[in-house]
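Work through the exercises below with the sequence and the coordinates open side by side, and try each task before reading its solution.

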Amino acid sequence: MDVNMKVLIVDDFATMRRIVKNILRQLGFTNIIEADDGKAALYILKNEKIDLILSDWNMPEMPGIELLKAVRSDDELKDTPFLMVTAEAEKENIIEAVKLGVSNYIVKPFTAETMGEKLEKMFGK
Amino acid sequence: MMGNLSDKEKEEVSNVINGDQPTINDNMFFKNIAHEVSGDIKALVSLAFEFRKDLQSKVNDDLNDIATEYIPQATDQLEGILYATENAANKIMDNLEDLEKNISDVKNIVASFKNGKIVILGRRKKIGQKSIEKLMPVIENVESLLEYNLTLISDSFVQMSFQDLTGQRIKRIIEVVIQMEEKIKNMAISFGIKIREKEKNPEISAEELERVVERKKTELSGPQGKGIGLDQNAIDELLANL
């Protein structure tokens with residue numbers, strides 16, 4: 001797993017973005033940028049090379065699931081690893097996200113250890 | 001309920017049921033229903049107000065001042081709580097990050113000490129290997145405590161997720177409360193105005209009554225709190241009319 005990869009955190013709660021950022025830093029990631037909803041994230045994705053998207057599900061302007069749809073339907077972005085980070089632990093939501101091509105799914109609150117395991121599954125050690 | 005009606009009222013009810021007398025003016029049937037329904041509405045409105053008062057009594061003084069002066073709506077008070085918890089969470093995280101930095105600095109000092117170097121009052125000193133060996137158990141204990149403190153800080157960061165998790169739930173409650181308050185307010189206003197206008201003018205037509213309701217609703221929503229909701233007096237007046 002390359003800790004120099006560029007990570008985009010998408011969450012409408014600034015507190016949560018900060019928590020995720022801190023957890024990523026604990027795992028060695030330093031190249032981290034943020035967006036407060038799906039629309040802002042899409043704008044960044046169109047203009048910068050992002051190696052990993054960590055997105056919340058519930059956001060006002062454009063929910064995480066819509067961002068996932070947009071990413072997977074864009075030829076240039078469709079292969080970007082997408083980790084859904086959310087409080088939505090319902091089976092239906094997970095199935096919906098998997099069907100749309102989510103790379104992995106992590107339920108809040110989570111530890112650095114859990115995040116590390118998920119990322120290792122996605123990228124290898 | 002029919003047992004409580006006078007003969008005249010029973011006749012009116014019968015006329016309404018048979019479709020003989022649909023006018024609002026003399027219709028006791030509708031009036032009785034209106035009284036029944038208005039009791040429920042009154043209870044709902046009271047509930048909404050008790051909820052607001054309860055919130056005001058439970059939040060801290062600063063928040064209460066903000067709430068009573070600027071945000072009299074229950075929904076806005078919930079948003080105020082969200083804001084306060086977010087500020088507190090951010091302050092706690094600022095502190096945690098400072099602690100992390102301090103621990104990192106102490107770890108560097110300990111590492112330097114283990115290598116026989118230490119800076120005292122800006123001057124570099126060397127420590128002999130024997131002294132280091134003697135102090136090694138203490139150094140290892142300090143290192144262990146520093147690692148443990150880092151774990152505590154890391155866990156505290158994770159626990160800060162409460163702000164996001166509770167915030168999402170509060171946001172959902174705010175949406176429901178907004179919808180409920182709006183519906184209850186509209187119902188209370190319509191019923192309150194209708195009953196008062198009917199008492200003032202028993203001959204008023206249904207169409208005219210609707211026009212009065214619309215006009216009064218506009219008047220009521222205008223002057224309060226910079227256009228945000230009804231104030232306590234307006235609601236008290238409505239409650240008194242129900």
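The exercises that follow concern a predicted model, and each task is followed by a solution in steps.

**Exercise 1. The sheet of chain A**

Determine the strand order of the open sheet in chain A, name its edge strands, and describe how its strands are paired.

Solution. Begin with the order, which is E2-E1-E3-E4-E5 in an open sheet of five strands with parallel pairing. The edge strands are E2 and strand E5 (104-107) of chain A, since each pairs on one side only. From one strand to the next, the twist averages 20 degrees.

Next, inspect individual pairs. E1(A) and E2(A) run parallel and are joined by four bridges, and Val10(A) has Ala35(A) as its bridge partner in E2(A). E3(A) and strand E4 (residues 82-86) of chain A also run parallel, joined by three bridges, and there the bridge partner of Ile53(A) is Phe82(A). In general, strands of a sheet pair through backbone hydrogen bonds, either parallel or antiparallel.

**Exercise 2. Two faces of a strand**

Which residues of E1(A) are buried on each of its faces?

Solution. Val7(A) and Ile9(A) lie on one side of E1(A), Leu8(A) and Val10(A) lie on the other, and all of them are buried, so that both faces of the strand are covered. As a general background to this reading, in a regular strand the side chains alternate between the two faces of the sheet.

**Exercise 3. A helix with a buried face**

Decide whether the buried residues of helix H2 in chain A are scattered around the helix or line one face, and find the elements against which they pack.

Solution. First list the buried residues of H2 (residues 38-47) of chain A, which are Gly38(A), Ala41(A) and Leu45(A). Then look down the axis of H2(A): the buried residues fall within an arc of 55 degrees, so they line one face of the helix. On the other side of H2(A), Tyr43(A), Lys46(A) and Asn47(A) are exposed. Finally, the packing partners of the buried residues are strand E1 (7-10), strand E2 (32-35), strand E3 (52-55) and helix H3 (64-72) of chain A.

**Exercise 4. The largest nonpolar core**

Which residues touch the most other members of the largest nonpolar core, and which elements supply at least two residues of this core?

Solution. The core holds 35 residues, and those that touch the most other members are Val10(A), Val20(A), Ile53(A) and Leu54(A). The elements that each supply at least two residues are E1, helix H1 (14-26), H2, E3, H3, E4 and helix H5 (112-123) of chain A. H1(A) gives the most, with five residues. To follow one member further, set aside the neighbours of Val20(A) within four places in sequence; Val20(A) is then in contact with Ile9(A), Asp11(A), Leu54(A) and Val85(A). In soluble globular proteins, nonpolar side chains tend to be buried together.

**Exercise 5. Two partly exposed residues**

Establish why Glu34(A) counts as partly exposed, and then treat Leu146(B) in the same manner.

Solution. Glu34(A) is found in strand E2 of chain A. A residue counts as buried at 20 or more other C-beta atoms within 10 Å and as exposed at 12 or fewer; because Glu34(A) has 18 C-beta neighbours inside 10 Å, it counts as partly exposed. Residues up to four places away in sequence aside, Glu34(A) touches Ile9(A) and Arg17(A).

Leu146(B) is found in helix H5 of chain B, and with 16 other C-beta atoms within 10 Å this residue is likewise partly exposed. Leaving aside neighbours within four places in sequence, Leu146(B) is in contact with Ile103(B), Val106(B) and Lys107(B). Leu146(B) and Asn102(B) are 44 residues apart in sequence and 9.9 Å apart in space, C-alpha to C-alpha.

**Exercise 6. Chain B and its contact with chain A**

Describe the elements of chain B, and then characterise the side of chain B that touches chain A.

Solution. Chain B has eight helices and two strands, and from the N terminus on its elements run α-α-α-α-β-β-α-α-α-α. Of its 242 residues, 13% count as buried.

Turning to the contact, 14 residues come from chain B and 14 residues from chain A. Helix H4 (74-114), helix H5 (129-159) and helix H6 (161-200) of chain B each supply at least two residues of the side that touches chain A, and H6(B) provides the largest share, six residues. By type, the residues on this side of chain B divide into six nonpolar, six polar and two charged.

Key:
Residues are numbered from 1 along each chain as its sequence is written. Chains are lettered from A and ligands numbered from 1 in the order in which they are written. This is a predicted model: local features need pLDDT of at least 70, side-chain atom pairs count only at pLDDT 80 or more; totals for chains, interfaces and linings use all residues. Two residues are in contact if their C-beta atoms, placed from the backbone, lie within 7 Å. Ala, Val, Leu, Ile, Met, Phe, Trp, Tyr, Cys and Pro count as nonpolar, Asp, Glu, Lys and Arg as charged, and the others, Gly among them, as polar. The arc is that of the directions from the helix axis to the C-beta atoms. Two strands pair if DSSP finds at least two bridges between them. Axes are lines fitted to C-alpha atoms, for helices over the stretch in contact, and angles run from 0 to 180 degrees between N-to-C directions. A nonpolar core is a set of buried Ala, Val, Leu, Ile, Met, Phe, Trp, Tyr and Cys residues joined through C-beta atoms within 7 Å.
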